[in-house]
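Subject: Structure handover

Hello,

Here is the structure we talked about. Please open it first, then read the notes below.

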Amino acid sequence: MDIDSVFKPLAKELIQNVFPTAIVYHRSDSVAYNPASGDVTETVTDYAIKAGVLSRERVEDGGVGETYQLSLWVDHSSTGLPLLPKTGDYVSYDGISWKVVQVAPTYSSKGLIASKLVVRNR
């Protein structure tokens, strides 16, 4: 039995059909700096996908500040995220932009299956 044929469909089913939450994953492809103008231009590719949001936490920053943090799963099927997530990318969820601060674990066999992301509000 091929592990990909068992777990890839399972990840897709759970994330996209059982616990589906619409998000947009913003992949930062490149950053260019123009020294003449001082402009920094970032190239971003957006992926409208489903995610399984596990939890939402509030973390004290000290004083009156708070940071919100989400834990979520994304699958790497043909209708999920087609690439390995990386820190520094962003997720749009619930009208808020969240920075990816941790990617662990990522399950894979011959190909990517699913990744757990920890994201914080910007």
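Start at Tyr25. Its bridge partner in S4 is Val91. Tyr25 sits within a pairing of two strands: S1 (residues 21–34) and S4 run antiparallel, joined over 3 bridges. Bear in mind that this is a predicted model.

Val91 is a good residue to follow further. In S5, Val91 stands opposite Trp98. That contact point belongs to the S4 and S5 pairing, which is antiparallel and has 4 bridges.

Now look along S4 itself. The strand covers residues 90–93, and its side chains alternate. Which of them are buried? Val91 and Tyr93 are, and they point to one face. Tyr90 and Ser92 point to the other face and are not buried.

Next, the turn after S4. S4 and S5 form a hairpin, with 2 residues between them. Asp94 lies in that turn and has a positive phi of about 55°.

Then move on to S5 and S6. S5 takes in residues 96–108, and S6 takes in residues 112–121. The two pair in the antiparallel sense over 8 bridges. Within S5 and S6, Val100 stands opposite Val119.

These pairings belong to a wider arrangement. How many strands make up the closed barrel? There are 6, in the order S1-S2-S3-S6-S5-S4, with antiparallel pairing. From one strand to the next, the twist averages 45°.

Some figures for the whole protein:

- Secondary structure: 1 helix and 6 strands.
- Order from the N terminus: α-β-β-β-β-β-β, with the helix leading.
- Span of the C-alpha trace along its principal axes: about 55 × 40 × 20 Å.
- Burial: 30% of the 122 residues are buried.
- Contacts: of those with a separation of 6 or more, 54% are between residues 24 or more positions apart.
- Accessible surface: about 7200 Å², with 52% belonging to carbon and sulfur atoms.
- Charge: 12 positive and 14 negative side chains, with the centres of the two sets 3 Å apart.

If you have time for one view only, pick S4. Strand S4 pairs with S1 over 3 bridges and with S5 over 4 bridges. Val91 is where to centre the view: its partners are Tyr25 and Trp98, and its side chain is buried.

Best wishes

Notes. Residues are numbered from 1 along each chain as its sequence is written. This is a predicted model: local features need pLDDT of at least 70, side-chain atom pairs count only at pLDDT 80 or more; totals for chains, interfaces and linings use all residues. Side-chain values use heavy atoms; hydrogens and water are left out. Buried means under 20% relative accessible area, exposed over 50%, partly exposed in between (1.4 Å probe, protein chains only). Contact means heavy atoms within 4.5 Å. Accessible areas come from the Shrake-Rupley method with a 1.4 Å probe; for residues, only the protein chains shown count as cover. Lys and Arg count as positive and Asp and Glu as negative; His and the chain ends are not counted. The place of a charge is taken as NZ of Lys, CZ of Arg, CG of Asp or CD of Glu. Two strands pair if DSSP finds at least two bridges between them. Axes are lines fitted to C-alpha atoms, for helices over the stretch in contact, and angles run from 0 to 180 degrees between N-to-C directions.
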